[in-house]
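Hello,

Here is the structure I promised to pass on to you. Have a look at it first, and then read my notes below with the model open beside you.

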Amino acid sequence: MEASYPGFLKGLYSEYPWMTDQDRQLVALMCCGISPNAVSVIMGMDMNRLSKWKTQLAKKMGSPVRLSKFLNEKLLDYSVSL
């Protein structure tokens, strides 16, 4: 992630300093394109719990769209600004 988008995650974490270590791990996995099934295994939770967590996190970040779309848009904006 850092090789492709240097500083992206650090900037995102600065923008949302309230994120927990688990939130950060989830975001990093999603930004790397890890599938939801793989994320659920890595994070040790079922898909329903993961889905609820992602929805809550998107709301806390002020996103009107799904977390995956929100992060993709952030990555796109970041790559344009490079």
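Which helix supplies the largest share of the lining of the largest pocket? It is H4, with seven residues. Before going further, please keep in mind that this is a predicted model.

Let me stay with that pocket for a moment. The space in the largest pocket comes to about 220 Å³. Its lining is made of 13 residues, and those nearest the centre are Ser51, Lys54, Thr55, Arg66 and Leu67. Both H4 and H5 give at least two residues each to this lining. If you sort the lining residues by character, you get six nonpolar, four polar and three charged.

Now to helix H4 itself, which covers residues 47-60. Two of its residues make a nice pair to look at: Met47 and Trp53.

Met47 counts as partly exposed, because its relative accessibility is 35% and the partly exposed range lies between 20% and 50%. Not counting residues up to four places away in sequence, Met47 touches Pro36, Asn37 and Ser40. Try picking the C-alpha atoms of Met47 and Phe8 too: they are separated by 27 Å, with the two positions 39 residues apart along the chain.

Trp53, by contrast, is buried, because its relative accessible area of 13% falls under the 20% cut-off. Which residues does Trp53 contact once its neighbours within four places in sequence are left aside? They are Gln22, Asp23, Leu26, Met43 and Met45. For one of these, Asp23, I also have a C-alpha distance: Trp53 and Asp23 are 30 residues apart along the chain, and their C-alpha atoms are separated by 8.9 Å.

Asp23 brings us to helix H2, residues 21-31. Its buried residues are Asp23, Leu26, Val27, Ala28, Leu29, Met30 and Cys31. What covers them? The cover includes helix H1 (8-15), helix H3 (36-43), H4 and helix H5 (67-81). After H2 comes Gly33, and its phi is positive, near 85 degrees.

Next, please find Ser63 in the loop between H4 and H5. Is Ser63 buried or exposed? Ser63 counts as buried, because its relative accessibility is 9% and the limit for buried is under 20%. The side chain of Ser63 reaches the backbone oxygen of Val65 at 2.9 Å. Apart from neighbours within four places in sequence, Ser63 is in contact with Ala58 and Phe70.

Last, a word about charges. Side chains of opposite charge can pair when their charged atoms come close. How many salt bridges are there in this model? The count comes to one. In that salt bridge the side chains of Glu15 and Lys74 meet, at 2.8 Å from N to O. The pair links distant parts of the chain, since Glu15 sits in helix H1 and Lys74 in helix H5, 59 residues apart. Glu15 counts as partly exposed, because its relative accessibility is 44%.

When you open the model, you could start at the pocket lined by H4 and H5, go on to Trp53 and its contact with Asp23, and finish at the salt bridge of Glu15 and Lys74.

Happy exploring, and do write back with any questions!

Best wishes

Key. Residues numbered from 1 in each chain as written. Predicted model: local features only at pLDDT ≥ 70, side-chain atom pairs only at ≥ 80, totals over all residues. Heavy atoms only, no water. Helix = DSSP H or I, 4+ residues; strand = E, 2+ residues; numbered from the N terminus. Buried < 20%, exposed > 50% of the residue type's maximum accessible area, 1.4 Å probe, protein only. Contact = heavy atoms within 4.5 Å. 1 Å grid on protein atoms, 1.4 Å probe; cavity = no way out; pocket = protein on both sides within 12 Å on 5 of 7 lines; lining within 4 Å. Points joined across faces, edges and corners; volume = space filled by probe spheres on them. Nonpolar A, V, L, I, M, F, W, Y, C, P; charged D, E, K, R; others polar. Polar contact = N/O pair within 3.5 Å; in protein donor to acceptor, adjacent residues only side chain to side chain. Salt bridge = Lys/Arg side-chain N within 4 Å of Asp/Glu carboxyl O.
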